[in-house]
Amino acid sequence: MTVGEAALEVRDLQVTFTGSKRRTHAVRGVDLVIRPGETLALLGESGSGKSVTARAVMGLLDQPDTEVTMGTAKLGGRDLLAMSAKERRLLRGSAMSLVFQDALSALNPVLSVGDQIGELFRVHQGLSRRQARARSVELLELVGIPAPAARVRDYPHQFSGGMRQRILIAMAVALEPGLLIADEPTTALDVTVQAQILRLIDRLRRELGTAVLLITHDLGVAAEVADRVAVMYAGRIVETSPVDDLYDRPAHPYTEALLAAIPDLDRPAAELRAIPGAPPGPGAADTGCAFAPRCPRATAVCERTRPELVAVPGSPARTAACHHLQEVLDAVRT
Amino acid sequence: MPSVPDPEARAENPGSRAANPEARAENPGSRAANPEARAENPGSRAANPEARAENPGSPAANPEPRAERPGPRAPKTGSTQPAEGAGPRAGKAEPVVLRAENLHKTYGSGIFGRGGGVHAVDGVSLELRAGETLGIVGESGCGKSTLARMLVGLERPDSGEVTFHGRPFARGRRAPAPAVRRRVQMVFQDPMTSLNPRMTVLDIVAEPLDVHRLAAGRAQRRDRVGELLDLVGLAPELMHRFPHEFSGGQRQRIGIARALATDPEVIVCDEPVSALDMSVQAQVVNLLAGLQRRLGVALVFIAHDLAVVRHVSHRVGVMYLGRLAELGPAAEVYGSPAHPYTKALLSAAPVPRPQARDRTRIILAGDPPSPVDPPSGCRFRTRCWKAADVCAGHAPPLEGAAAHLAACYFPEAGR
């Protein structure tokens with residue numbers, strides 16, 4: 001895929017943790033391209049490497065015992081790999097920002113939310129306290145906190161879970177970054193609040209033209225907000241697709257199996273088609289297709305040779321990594 | 001006879017108008033012949049004696065309020081039913097195994113001398129029939145876990161009572177009798193922390209056998225554990241391993257095997273799949289449904305995932321801030337929700353179909369209020385688009401036609 005001005009372009013991202021005695025290869029060659037104003041959902045189970053990918057892109061894994069390598073890393077046309085650590089740090093918060101899953105632990109409990117939001121303006125834009133406070137109030141209003149002028153002095157514990165998540169989102173969009181990474185932003189929230197937050201992220205994306213990388217394990221959440229979906233399994237992307245095609249006609253057996261394994265509210269089935277076994281741990285051996293042991297379509301070649309992520313025949317916008325790609329596409333879906 | 005109120009039971013629950021629960025449960029059939037006892041039967045109505053007094057006729061006009069009728073199904077999809085053949089739908093005669101009557105539980109009141117306790121469960125009544133699955137859905141803080149713990153006797157209700165085959169679970173400060181406790185077991189949410197990491201699977205699964213002295217000798221104990229592991233789809237050879245050697249899904253199977261060890265009639269599952277990866281959830285859901293078909297055990301299935309609950313349950317109760325908002329057959333609650341909260345909850349649930357994205361949705365404003373200081377009257381009224389003055393007064397009673405009950409003054413039409 002060639003993209004002129006991608007909001008984010010990452011090629012061949014590898015992350016290895018070397019802390020314990022053995023090396024854990026958590027991300028094994030991930031490519032990500034997100035256009036401005038687009039929402040890409042990175043879908044995967046725990047241990048699939050989706051959160052590690054997000055942190056590596058943000059540059060939050062520059063720490064001992066962690067090896068991060070990328071072939072290409074461009075943020076809005078700027079080459080991250082050519083920058084110094086200090087330059088990259090200045091981009092965090094202003095050009096790209098991250099919304100964490102757990103808002104309570106992501107906010108500083110001893111600073112008022114106004115101080116925390118205002119810090120962004122004071123550090124990045126050199127505003128005065130008074131100006132920063134005024135901008136904080138505007139932002140709280142933008143994300144729908146009632147009575148923002150009064151609540152700006154409150155501390156995180158005085159807000160509910162949904163409100164805290166709104167505050168985190170306010171901080172993330174404060175400097176109008178080109179890329180917003182949301183790591184499971186609604187997993188800790190109730191269903192009724194989740195709908196509000198997803199709607200908020202989508203509204204901000206439209207209004208500010210931000211590209212969104214949404215990390216999630218929830219097929220429903222991805223279906224609600226994503227333009228494109230990338231499915232991760234065992235540290236690799238196994239399928240990328242525009243959202244409609246993915247759900248209508250999955251190209252990878254893992255996606256196919258996941259869709260069959262989740263109960264559908266409107267179409268309850270007598271029996272869920274469970275996927276046998278469990279996902280491999282992050283340190284598992286890397287020969288052949290990682291999904292082969294659980295795959296109903298696996299043959300000898302799947303255990304020997306790892307399938308490359310290739311374009312899906314007839315759908316240039318899609319890629320999938322499966323030896324039996326055509327077979328999966330041809331399968332009649334109910 | 002059920003028509004004769006038991007003075008003792010009344011004395012304990014003055015508000016609950018409970019007739020002698022023992023007599024009632026032992027004669028389930030006689031209820032049909034006795035209008036008065038029947039009227040008392042939809043237990044939650046007992047939570048609102050005043051409201052009932054205002055509508056004395058309505059429950060009695062209804063021939064069998066709690067019966068599991070095969071009646072009108074979800075009009076929307078005409079879909080297949082979950083776990084059909086498990087029985088309880090077919091049999092009106094299925095006896096009530098577990099009954100909760102007007103349960104209240106408040107935590108932490110008075111620790112700081114201010115009396116502002118968390119009203120976790122506030123007047124919940126329900127009953128569970130043999131072989132059925134009762135799903136309980138609700139958001140965090142709605143009291144569903146507290147309800148689960150009271151149903152198995154891990155928590156004692158402040159008032160109200162849980163009866164097992166009509167026998168009170170626990171009276172006063174005494175612990176539930178072992179004979180009762182044995183028959184009501186629990187599966188916990190987190191398979192990582194609910195298994196002792198220093199015990200082998202054999203010892204974990206055999207612990208209930210030891211406690212209740214159900215196995216004579218080591219060979220029998222080992223055989224029984226092997227049988228149980230086989231039942232939940234684990235190889236019996238694995239019994240000498242430790243929990244950390246298993247994946248999340250396998251650990252949850254161990255937890256289920258432990259719950260099955262005492263041959264229970266009821267298993268209360270508190271979020272049994274929410275800690276599991278999505279590709280593994282279906283395995284455990286299918287396992288529970290299969291066990292119910294084979295063993296006829298009654299399940300209380302508590303979860304926040306609406307689709308999973310829909311999938312496994314015959315009947316579903318929707319909780320909001322410590323109270324049941326709606327209770328009824330799964331197909332009716334999901335197909336034609338009567339309570340606005342149920343409607344909003346279903347409408348907000350993400351649907352794994354991008355085409356459904358543009359459906360009209362009810363997006364509730366704000367968060368659920370704090371259970372420390374819940375709103376007066378109907379607890380949902382602060383977020384409800386139908387709320388009127390009457391909602392702030394008395395809490396609406398849980399009532400409705402047939403088996404589909406809702407606690408709302410303005411229930412959705414079309415039921």
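In the predicted model, about 4000 Å² is buried between chain A and chain B, and carbon and sulfur atoms give 55% of this area. Chain A contributes 49 residues to the contact, and chain B contributes 45 residues. Polar contact across the interface of chain A and chain B, with both partners at pLDDT 80 or more, involves 18 residue pairs. On the side of chain A that touches chain B, the elements giving two or more residues are the helices α7 (161-173), α8 (191-208), α9 (219-225), α10 (243-248) and α11 (253-261) of chain A. The residues on this side of chain A comprise 27 nonpolar, ten polar and twelve charged.

Two salt bridges are found across the interface of chain A and chain B, while the structure holds 34 over all chains. In general, side chains of opposite charge can pair when their charged atoms come close. One of the salt bridges in the structure links the side chains of Glu224(A) and Arg359(B), with an N to O distance of 3.1 Å. This pair crosses between chains: Glu224(A) belongs to helix α9 of chain A, whereas Arg359(B) lies in the loop between α14 (340-348) and α15 (389-392) of chain B.

Chain B also contains an open sheet of seven strands, arranged in the order β6-β7-β8-β3-β9-β10-β11, in which the pairing is mixed. The edges are occupied by β6 (184-187) and β11 (405-406) of chain B; each has a single partner strand, so one side of each is left without a neighbour in the sheet. Within this sheet, strand β9 (residues 315-320) and strand β10 (residues 323-329) of chain B pair in the antiparallel sense through six bridges. Met319(B) has Leu324(B), in β10(B), as its bridge partner. Helix α14(B) packs on the sheet, where β9 and β10 of chain B are touched, and the direction of this helix makes about 100 degrees with that of β9(B). The loop that carries Arg359(B) lies between this helix, α14, and α15 of chain B.

Another open sheet of chain B has four strands in the order β2-β1-β4-β5, with antiparallel pairing. Its edge strands are β2 (118-129) and β5 (167-168) of chain B, each of which pairs on one side only. Strand β4 (residues 159-164) of chain B is joined to β5(B) by two bridges, and the two strands run antiparallel. Phe164(B) has Arg167(B), in β5(B), as its bridge partner. Helix α6 (residues 144-151) of chain B lies across β1 (96-107), β2 and β4 of chain B and runs at about 125 degrees to β1(B). The strands crossed by α6(B) thus include the edge strand β2(B).

Key: Residues numbered from 1 in each chain as written. Chains lettered and ligands numbered in written order. Predicted model: local features only at pLDDT ≥ 70, side-chain atom pairs only at ≥ 80, totals over all residues. Heavy atoms only, no water. Contact = heavy atoms within 4.5 Å. Buried area = accessible area lost by both parts, 1.4 Å probe. Salt bridge = Lys/Arg side-chain N within 4 Å of Asp/Glu carboxyl O. Polar contact = N/O pair within 3.5 Å; in protein donor to acceptor, adjacent residues only side chain to side chain. Nonpolar A, V, L, I, M, F, W, Y, C, P; charged D, E, K, R; others polar. Pairing = 2+ DSSP bridges. Axes fitted to C-alpha atoms, helices over the stretch in contact; angles between N-to-C directions.
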